[in-house]
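User: I would like to go through this structure with some questions on its strands, helices, rings and cores. Please give the reasoning before each result.

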Amino acid sequence: RFGNDTGKIEYMAVISNGNVNMANLCLTACHNINGVAQLHTEILKNETFKDYYSVYPEKFKNVTNGVTPRRWLLMSNPELAALITESIGSGWIKNAEELENLEKYAFDAAFKEKFAKIKMNNKVKLAKYIKEHNGIDVDPSSLFDVQIKRLHEYKRQLMKAMHIIYRYKMITENPSQASMLPETFIFGAKAAPGYYMAKQIIKMIWCIGEELKKNPKLNEKLAVVFLEDYKVTLSEILMPASEISEQISLAGTEASGTGNMKLMLNGALTMGTYDGANVEIHEAVGNDNIFIFGMSTPEVNQLKAEGYNPEKIYNSHAVIKSVLEKMYKGINGATFEEVANSLRHADRYMCFADFDSYRGTQAKASETYKDKCLWNKMSLINIASAGIFSADRAVTDYARDIWKLI
């Protein structure tokens with residue numbers, strides 16, 4: 001079936017040169033191969049396993065991941081769950097697609113007021129937790145911008161940190177910016193034990209928060225919190241309070257993501273690249289209810305093929321240069337030369353290339369947040385569109401299309 005292409009036969013072989021190629025064994029032995037988001041499946045078919053797909057196209061299927069609304073809304077956000085049940089009935093608990101009946105309330109001023117009050121209650125609860133565990137005062141009326149996921153360079157917590165340093169410098173060097181919207185940037189993450197660079201990034205983000213904490217006037221406008229001991233019980237406090245869900249991986253690197261679905265289910269607006277399940281969230285909510293930025297996967301691949309040169313960007317981009325200078329000079333008494341050099345000389349996940357687009361989208365989100373009526377409408381449309389990302393739907397897809405049980 002592989003034809004006469006010796007190179008392809010060798011590349012796809014289960015056993016070659018005395019080695020068992022485990023991925024090839026899986027591909028050959030399994031009756032189905034599935035990605036966990038539309039984009040992920042297309043990458044498997046067209047790039048990662050292109051040769052296998054040409055031989056076994058019938059094996060490849062897509063099953064987009066899902067999350068359970070019973071834990072991530074009913075249990076984690078009881079006030080909001082009660083309001084939804086009061087408005088559309090309790091059917092959504094077992095059939096999350098019934099959440100679509102909530103969409104009409106996105107245009108109801110009285111309902112949006114109730115929703116806003118519940119969101120504020122959840123933000124006050126999180127602010128109390130942060131004060132007790134991190135010793136940081138955060139303003140519940142500030143915009144809660146959240147990035148929670150394992151710490152890995154491809155997920156680009158580092159690009160978010162670059163933006164925060166830029167905002168920090170902008171406020172301190174230009175007093176006229178003191179009227180800017182107060183924002184609280186929240187991180188939750190763990191790094192693999194041996195992942196040195198990830199741990200350096202964690203340290204740097206923590207140092208940014210500590211340095212800001214020492215300046216109460218500045219901290220009123222800009223707070224950074226790195227939540228310790230991140231776990232499910234903590235995320236159950238965090239998800240209901242979140243307002244921006246950061247899903248900013250380099251396009252083509254995230255398989256799916258499920259944090260994006262949990263945050264969406266609680267009304268956070270996605271700020272993300274066209275990657276993983278962000279693609280399907282975008283399809284579900286439409287252009288007006290999501291903040292998409294950055295390069296697409298084909299654009300990333302084209303830039304790599306042309307030869308990506310971060311040093312050239314560094315030398316010509318005043319803002320990026322000033323952000324890295326801050327890393328070199330020190331944050332809260334610690335310097336981060338290795339983090340800065342990794343960006344300047346390699347930037348494997350192209351933070352520099354997407355930085356301007358990200359910065360512009362952050363500014364757009366801040367401006368949008370000033371119109372609370374519009375923001376709450378967008379949030380409710382996200383909740384109403386979240387039913388497709390239920391784990392019930394995902395398990396049904398597996399049962400029907402892969403396990404052939406129904």
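User: How many bridges join strand 8 to strand 9?

Analyst: In this predicted model, strand 8 covers residues 244-247 and strand 9 covers residues 269-272. The two run parallel, and Glu 246 stands opposite Met 271 in strand 9. The number of bridges joining them is four.

User: Which strands stand at the edges of the open sheet of six strands?

Analyst: The order in this sheet is 7-6-5-8-9-10, and the pairing is parallel. An edge strand here has a single partner strand, so one of its sides is left without a neighbour in the sheet. That applies to strand 7 and strand 10 (291-292).

User: Which residue of strand 7 stands opposite Thr 184?

Analyst: Strand 6 is joined to strand 5 (residues 143-148) by six bridges, in parallel, with Val 146 opposite Ile 186. Strand 6 also pairs with strand 7 in the parallel sense, again over six bridges. In that second pairing, the residue opposite Thr 184 is Ala 223.

User: How many of the six residues of strand 6 are buried?

Analyst: In a regular strand, side chains alternate between the two faces of the sheet. On one side of strand 6, Glu 183, Phe 185 and Phe 187 are buried, and on the other Thr 184, Ile 186 and Gly 188 are buried. Strand 6 is therefore largely enclosed by the rest of the structure, and the buried count is six of the six.

User: Are the rings of Phe 187 and Phe 226 stacked or edge-to-face?

Analyst: Nine aromatic pairs are counted in the model. In the pair of Phe 187 and Phe 226 the ring centres are 6.1 Å apart and the planes stand at 5°. Planes under 30 degrees apart count as stacked and those over 60 as edge-to-face, so the angle of 5° makes this pair stacked.

User: How many residues apart are Phe 187 and Phe 226?

Analyst: Phe 187 belongs to strand 6 (residues 183-188) and Phe 226 to strand 7 (residues 222-227), so the pair links distant parts of the chain. Phe 187 is buried at 1% relative accessible area, and Phe 226 is buried at 10%. Their separation is 39 residues.

User: Which residue has its charged end over the ring of Tyr 56?

Analyst: A charge sits over a ring in two places described here. Lys 160 lies over the face of Phe 187, at 4.3 Å from the ring centre. Over Tyr 56, at 4.6 Å from the ring centre, is the charged end of Lys 59.

User: Which residues does Thr 368 touch, not counting those up to four places away in sequence?

Analyst: Thr 368 lies in helix 18 and is buried, with a relative accessible area of 13%. Ring pairs link Phe 291, Tyr 369 and Trp 375 into a cluster. With residues up to four places away left out, the contacts of Thr 368 are Phe 291, Leu 374, Trp 375 and Met 378.

User: Within what arc do the buried residues of helix 17 fall?

Analyst: Helix 17 (residues 337-345) has Val 339, Ala 340, Ser 342 and Leu 343 as its buried residues. Seen down the helix axis, these line one face of helix 17, because they fall within an arc of 160°.

User: Which helices do the buried residues of helix 17 pack against?

Analyst: Met 327 touches Val 339, Ala 340 and Leu 343, among others. Beyond helix 17 comes Asp 347, with a positive phi near 45°. The packing partners of the buried residues are helix 8 (157-173), helix 9 (196-213), helix 15 (310-316), helix 16 (318-329) and helix 18 (351-369).

User: Which residues touch the most other members of the largest nonpolar core?

Analyst: In soluble globular proteins, nonpolar side chains tend to be buried together. The largest nonpolar core here has 64 residues, and apart from it lies another core of 53 residues, including Tyr 230 and Leu 238. In the largest core, the residues with the most such contacts are Met 162, Leu 324 and Met 327.

User: Is Asn 17 buried or exposed?

Analyst: Asn 17 is found in the loop between strand 1 (15-16) and strand 2 (19-20), and its phi is positive, near 50°. A relative accessible area over 50% counts as exposed. At 71%, Asn 17 is therefore exposed.

Terms used
Residues are numbered from 1 along each chain as its sequence is written. This is a predicted model: local features need pLDDT of at least 70, side-chain atom pairs count only at pLDDT 80 or more; totals for chains, interfaces and linings use all residues. Side-chain values use heavy atoms; hydrogens and water are left out. Buried means under 20% relative accessible area, exposed over 50%, partly exposed in between (1.4 Å probe, protein chains only). The arc is that of the directions from the helix axis to the C-beta atoms. Contact means heavy atoms within 4.5 Å. Rings of Phe, Tyr and Trp (its six-membered ring) pair if their centres lie within 6.5 Å; planes under 30 degrees apart count as stacked, over 60 as edge-to-face and the rest as tilted. A charge sits over a ring if NZ of Lys or CZ of Arg is within 6 Å of the ring centre and within 35 degrees of the ring normal. A nonpolar core is a set of buried Ala, Val, Leu, Ile, Met, Phe, Trp, Tyr and Cys residues joined through side-chain atoms within 4.5 Å. Two strands pair if DSSP finds at least two bridges between them.
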